[in-house]
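Q: Please take a close look at one part of this model. I would like a connected account, residue by residue where that helps.

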Amino acid sequence: MLMQVLLVASAVAAFLVGYVRADFQLMLLVYAGGVVLTALVTVPNWPFFNRNPLKWLDAAESERHPRPQVSAGAAAGGKKKSGKNK
């Protein structure tokens, strides 16, 4: 989610800078800087990402709790057919 927010913010900032300055190359440079900043923030394994780690189930535990199956009616939009034929 952090990556998406940073990329959208840099795209909006790049568009505004490019529009105000009427410079397409400057717009691309601002966006490229936002992409590099986003990569520096999200790619390394920073300690604040591991503050609340997720607890995953062991393989043996996951076999005891199977995933719920999706019925065919729910997959098709969940619409019920009426009994009337027109």
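Is Leu-28 buried or exposed, or partly exposed? Start there, then work outward to the helix that holds Leu-28 and its partner.

A: Leu-28 is partly exposed. Its relative accessible area is 45%, and the partly exposed class lies between 20% and 50%. This is a predicted model, so the values here are computed from predicted coordinates. Leu-28 sits in helix H2. Val-17 is eleven residues away from Leu-28 in sequence. In space, the two C-alpha atoms are 9.8 Å apart.

Thr-38 also lies in helix H2. Thr-38 is at 3% relative accessibility. The cut-off for buried is under 20%, so Thr-38 counts as buried. Leaving aside residues up to four places away in sequence, Thr-38 touches Met-3, Leu-6, Leu-7 and Val-43. Met-3, Leu-6 and Leu-7 belong to the set of H1 residues that meet H2.

Now the partner helix. H1 covers residues 2-21, which is 20 residues. At 1.5 Å a residue, H1 should span 28 Å. The C-alpha atoms at its ends are 28 Å apart, so expectation and model agree.

The buried residues of H1 are Ser-10, Ala-14 and Gly-18. Viewed down the H1 axis, they fall within an arc of 65 degrees, so they line one face of the helix. The general geometry is simple: an α-helix has 3.6 residues a turn, so residues three or four places apart point the same way. On the other side of H1, the exposed residues are Gln-4, Val-8, Phe-15, Tyr-19 and Val-20.

What covers that buried face? Helix H2, residues 24-42, is part of the cover. Ser-10, Ala-14 and Gly-18 are among the H1 residues that meet H2. Leu-2, Ala-11, Val-17 and Arg-21 are also among them. From H2, the residues in this contact include Leu-26, Val-30, Tyr-31, Gly-34, Val-35 and Thr-38. Phe-15 is listed as exposed, yet Phe-15 is also one of the H1 residues that meet H2.

The packing geometry comes next. The axes of H1 and H2 come within 8 Å. They cross at roughly 160 degrees. Angles over 145 degrees count as roughly antiparallel, so H1 is roughly antiparallel to H2. The crossing is right-handed.

One backbone detail follows H1. Ala-22 comes after the helix, and its phi is positive, near 55 degrees.

Key:
Residues are numbered from 1 along each chain as its sequence is written. This is a predicted model: local features need pLDDT of at least 70, side-chain atom pairs count only at pLDDT 80 or more; totals for chains, interfaces and linings use all residues. Side-chain values use heavy atoms; hydrogens and water are left out. Helices (H or I, at least four residues) and strands (E, at least two) are DSSP runs, numbered from the N terminus. The expected span of a helix is 1.5 Å times one less than its number of residues. Buried means under 20% relative accessible area, exposed over 50%, partly exposed in between (1.4 Å probe, protein chains only). The arc is that of the directions from the helix axis to the C-beta atoms. Contact means heavy atoms within 4.5 Å. Axes are lines fitted to C-alpha atoms, for helices over the stretch in contact, and angles run from 0 to 180 degrees between N-to-C directions. Angles under 35 degrees count as roughly parallel, over 145 as roughly antiparallel, 65 to 115 as roughly perpendicular and the rest as oblique. A crossing is left-handed if the near helix is turned anticlockwise from the far one by less than a right angle, and right-handed if clockwise.
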